[in-house]
Amino acid sequence: MLEKLPDMLGHALRDVRAGLDKLVFNRCGMRTGHGTLAVGSLAFGDHAPIPERYTADGEGLSPPLHWSGVPAGAASLVLLVEDADAPTPEPLVHAIVVDLPAADAAFGEGEMDSPRQDGGEAHEGRNSYLQKGWLPPDPPPGHGSHRYAFQLFALGPGDAFGGTPGRSDVLKAVQERGMASGLLIGTYERPDGSIKLPDPRVRLAADPE
């Protein structure tokens, strides 16, 4: 969708970014004194580019994930994916999955609903487009690299989520029942298609004196 925006708009908004500090992972108040989950993906490394296959420029599938370190006593897991570099006041929510069994250690490719494919049986929340499922990375052209934060939280015993929960529901549950958290960052940048004009201050070696 955003690939059709003019590059000049992306350049104009290049310094407008929500920020890492606004991720639920960084504002839920449970990073100190709680457990750590190790979150990874077979598709990309931490702070490495997300393959096009999982973005709006490719098939738009949700990527595979795996994790370890779930503490004893955890009742369920919650996955929240946010774009820390969205040109919006708050990070853009790309996916929410709740009530994942604490015994699970992985989430397969395409397990979430996506624009071109139905997912599995996971209990999905709503993204920033108020839709259920995976919102594929779709940064504005010319805006630079975006950081997509795959945040996983282990929750203690409590009620299951109802309906299609949003970010505020996840934040409340993590603040009340959070036992451990983990973070994986994937990046994606849509190429800048604008035409670069030559710098008049730079003379070619072949130019006559």
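**Exercise 1. The open sheet**

Find how strand E2 and strand E4 pair, and over how many bridges.

*Solution.* Strand E2 and strand E4 (residues 65-68) run antiparallel to each other, joined over 3 bridges. This comes from a predicted model. Next, take one bridge: Val-39 has Trp-67 in E4 as its partner. Now place the pair in its sheet. The sheet is open, has 3 strands and follows the order E2-E4-E7, with antiparallel pairing. Its edges are strand E2 (38-40) and strand E7 (106-107), and each of these pairs on one side only.

**Exercise 2. The two sides of a helix**

Work out which residues of helix H3 are buried, and why they lie on the same side.

*Solution.* Start with the buried residues of helix H3 (residues 167-177): Arg-167, Val-170, Leu-171, Ala-173, Val-174 and Arg-177. They span an arc of only 165 degrees around the axis, so they sit on the same side of H3. An α-helix has 3.6 residues a turn, so residues three or four places apart point the same way. Then turn to the face directed away from the buried side: exposed Ser-168 and Glu-176 are found there. Last, look for the cover. The buried residues of H3 are covered by elements including helix H2 (24-27), strand E5 (76-83), E6, E9 and strand E10 (178-188).

**Exercise 3. The largest pocket**

Describe the space in the largest pocket and the classes of residue in its lining.

*Solution.* The largest pocket holds about 430 Å³ of space. It is lined by 30 residues; closest to its centre are Ala-56, Tyr-129, Leu-135, Pro-136 and Asp-138. Strand E6 (92-101) and strand E9 (146-155) are the elements that give two or more residues to this lining. Sorted by class, the lining has 15 nonpolar, 9 polar and 6 charged residues.

Note on methods: Residues are numbered from 1 along each chain as its sequence is written. This is a predicted model: local features need pLDDT of at least 70, side-chain atom pairs count only at pLDDT 80 or more; totals for chains, interfaces and linings use all residues. Side-chain values use heavy atoms; hydrogens and water are left out. Two strands pair if DSSP finds at least two bridges between them. Helices (H or I, at least four residues) and strands (E, at least two) are DSSP runs, numbered from the N terminus. On a 1 Å grid over the protein atoms alone, a cavity is a set of points where a 1.4 Å probe fits but cannot get out, and a pocket is an open set with protein on both sides within 12 Å along at least five of seven lines; lining residues have an atom within 4 Å of a point. Grid points are joined across faces, edges and corners, and a volume is the space filled by probe spheres set on the points. Ala, Val, Leu, Ile, Met, Phe, Trp, Tyr, Cys and Pro count as nonpolar, Asp, Glu, Lys and Arg as charged, and the others, Gly among them, as polar. Buried means under 20% relative accessible area, exposed over 50%, partly exposed in between (1.4 Å probe, protein chains only). The arc is that of the directions from the helix axis to the C-beta atoms. Contact means heavy atoms within 4.5 Å.
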